[in-house]
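Here is a short note for someone opening this structure for the first time. Please read the points in order, with the model in view.

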Amino acid sequence: MKALYCQQNSAGEEIAFVFQERENLPVTRDNDVKIQVKACALSWTDIKLLSELKMKKEFLPVGREIAGVVLEVGSKVSFFQPDDEVVGILPLDSEESGLCEVALVHEHYLVHKPEKVPWVEAAGTIRDGLRAYTALHYLSHVSPGKTVLVMDGASPFGTIAIQLAQHRGAKVISTAYSLEDKQYLERLRPPVGTRQPLIARVIDVSNGKIDVAESCLEETGGLGVDIVLDAGVRLYSKEDESTLKPQLLPHKHDIITLLSVGGHWVTIEKNLQLDPPDSHCLFLKGATVSFLNDEVWNLSNVQQGKYLCILEDVMEKLSNSIFRPQLDEPVPLYEAKVSMEIVQKNQARKRQVIQF
């Protein structure tokens with residue numbers, strides 16, 4: 001039985017993805033659930049984070065968002081039984097690769113999959129749904145009437161965030177990085193029976209001539225945006241940037257400018273630096289800056305119940321077509337190595353899912 005792993009021999013060396021043969025699975029422990037994996041979504045492996053948390057090893061398991069059928073349960077498992085359909089996210093310190101036909105998972109990382117939700121959609125939506133909930137509910141407290149700016153709304157995460165914000169009654173503005181992205185966002189439609197359009201405005205920033213802050217202030221009548229979910233920010237001026245992608249990102253000053261009084265800025269920029277004038281402007285607005293790191297749910301058991309409630313709610317919204325994920329065509333296991341290399345280089349515009 002083969003499984004995919006990530007290998008980095010020395011610091012700074014480019015990582016490689018390798019298949020390794022697994023002889024036998026470990027014995028099923030008391031709280032373990034043995035799963036026959038039906039689908040596994042691919043997400044970027046944060047080597048630096050694993051190193052900082054002292055979890056790095058020579059061979060890191062790859063593929064953490066899995067959906068499958070329960071084969072066997074440990075003696076103390078109370079939530080699942082054989083033949084149940086389940087979905088979940090393997091923890092950061094998992095020894096198991098999700099890109100394997102069979103995996104052992106602690107029951108506290110799994111929830112039931114609704115029967116009508118396809119395997120590929122379940123695995124491909126679970127992490128983006130968790131991130132959207134973390135950003136919009138727990139970091140920025142979205143509510144009806146709020147205005148939400150989702151940067152790069154055509155990304156897999158952006159798509160789910162837009163759908164969740166709209167479902168909660170918020171007005172959504174989004175940016176597009178290409179003409180294709182703009183057309184995709186404009187084609188997005190809300191669920192049947194919803195009168196409000198899914199996106200109030202799509203801002204095409206692909207040519208670099210559109211001022212995002214100006215567009216958002218115009219759309220909100222000068223009041224600013226209540227919640228901003230960024231997809232990264234430029235920390236320096238254009239002269240200091242060399243690649244194309246950072247030039248499409250907004251400058252941190254633009255985001256601070258477009259924030260409303262009492263606004264929330266949720267960022268994925270782990271190296272964000274705020275100068276005293278930036279902090280002073282945020283202070284005057286009474287605004288907050290939060291960092292989106294969805295891994296925190298599994299770094300402490302204190303939030304376990306809340307975490308599982310989020311996963312169940314994500315599956316319910318997927319079942320009710322409130323969430324309609326941005327997925328690529330599923331690929332077989334033998335192509336997982338190539339697909340994972342694309343994901344690790346941030347070259348995939350749709351969520352990649354391996355189907356067994």
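1. Start with Lys252. Lys252 is buried, at a relative accessible area of 3%. The cut-off for buried is under 20%, so Lys252 falls well inside that class at 3%. Bear in mind that this is a predicted model. Lys252 does have a charged partner: its side chain forms a salt bridge with that of Asp275, at 3.7 Å from N to O. Lys252 belongs to helix α7 (residues 252-258), while Asp275 sits in the loop between β13 (259-267) and α8 (276-285), so the bridge ties together parts that are 23 residues apart in sequence. Asp275 is partly exposed, with a relative accessible area of 38%.

2. How many salt bridges does a search of the whole structure find? The search gives 20. Side chains of opposite charge can pair when their charged atoms come close. One such pair is Lys34 with Glu72, at 3.5 Å from N to O. This pair links distant parts of the chain. Lys34 lies in strand β3 (residues 32-41) and Glu72 in strand β5 (residues 65-73), 38 residues apart. Glu72 is partly exposed, at a relative accessible area of 36%.

3. Another bridge joins the side chains of Arg201 and Glu218, at 3.4 Å from N to O. Arg201 is in strand β11 (residues 201-204) and Glu218 in helix α5 (residues 212-219), so a strand and a helix 17 residues apart in sequence are tied together. Are the two partners buried or exposed? Arg201 is partly exposed, at 23% relative accessibility. Glu218 counts as exposed, at 55%.

4. Some salt bridges share partners. They join Arg64, Glu65, Arg127, Arg131, Asp294 and Glu295 into one network. Arg131 turns up again in the next point: it is among the α2 residues that meet α3.

5. Now the helix packing. Two packed helices are described by the angle between their axes and the distance between the axes. Take helix α2 (residues 119-139) and helix α3 (residues 156-167). Their axes come within 9 Å and cross at roughly 55°. That makes α2 oblique to α3. The crossing is right-handed. On the α2 side, the contact includes Thr125, Gly129, Tyr133 and Leu136. On the α3 side, Phe157, Ile160 and Leu164 are among the residues met. By class, the contact has ten nonpolar, three polar and two charged residues.

6. Helix α2 also packs against α10. These axes come within 9 Å and cross at roughly 120°. The two helices are therefore oblique to each other. This crossing, too, is right-handed. From α2, the contact includes Thr125, Gly129 and Tyr133. From α10, Tyr307, Ile310, Leu311 and Val314 are among the partners. The contact divides into eleven nonpolar, two polar and four charged residues.

7. Two helix residues deserve a look. Thr134 lies in helix α2. Thr134 is buried, with a relative accessible area of 4%. Which residues does Thr134 contact, leaving aside neighbours within four places in sequence? They are Leu139, Leu292 and Trp297. Ile162 is in helix α3. Ile162 is buried, at 0% relative accessibility. Not counting residues up to four places away in sequence, Ile162 touches Val150, Gly153, Val172, Ser174, Leu185, Leu198 and Ile199. For a sense of distance, the C-alpha atoms of Ile162 and Ser300 are 28 Å apart, with their positions 138 residues apart along the chain.

8. Finally, check the backbone at two loop residues. Most residues other than glycine have a negative phi. Asp83 is not a glycine, yet has a positive phi of about 80°. Asp83 lies in the loop between β5 and β6 (85-89). Asp83 is exposed, at a relative accessible area of 64%. Ser321 also has a positive phi, near 65°. Ser321 is found in the loop between α10 (304-319) and α11 (336-344). Ser321 is partly exposed, with a relative accessible area of 40%.

Key:
Residues numbered from 1 in each chain as written. Predicted model: local features only at pLDDT ≥ 70, side-chain atom pairs only at ≥ 80, totals over all residues. Heavy atoms only, no water. Salt bridge = Lys/Arg side-chain N within 4 Å of Asp/Glu carboxyl O. Helix = DSSP H or I, 4+ residues; strand = E, 2+ residues; numbered from the N terminus. Buried < 20%, exposed > 50% of the residue type's maximum accessible area, 1.4 Å probe, protein only. Axes fitted to C-alpha atoms, helices over the stretch in contact; angles between N-to-C directions. Parallel < 35°, antiparallel > 145°, perpendicular 65-115°, else oblique. Left-handed = near helix turned anticlockwise from the far one by under 90°. Contact = heavy atoms within 4.5 Å. Nonpolar A, V, L, I, M, F, W, Y, C, P; charged D, E, K, R; others polar.
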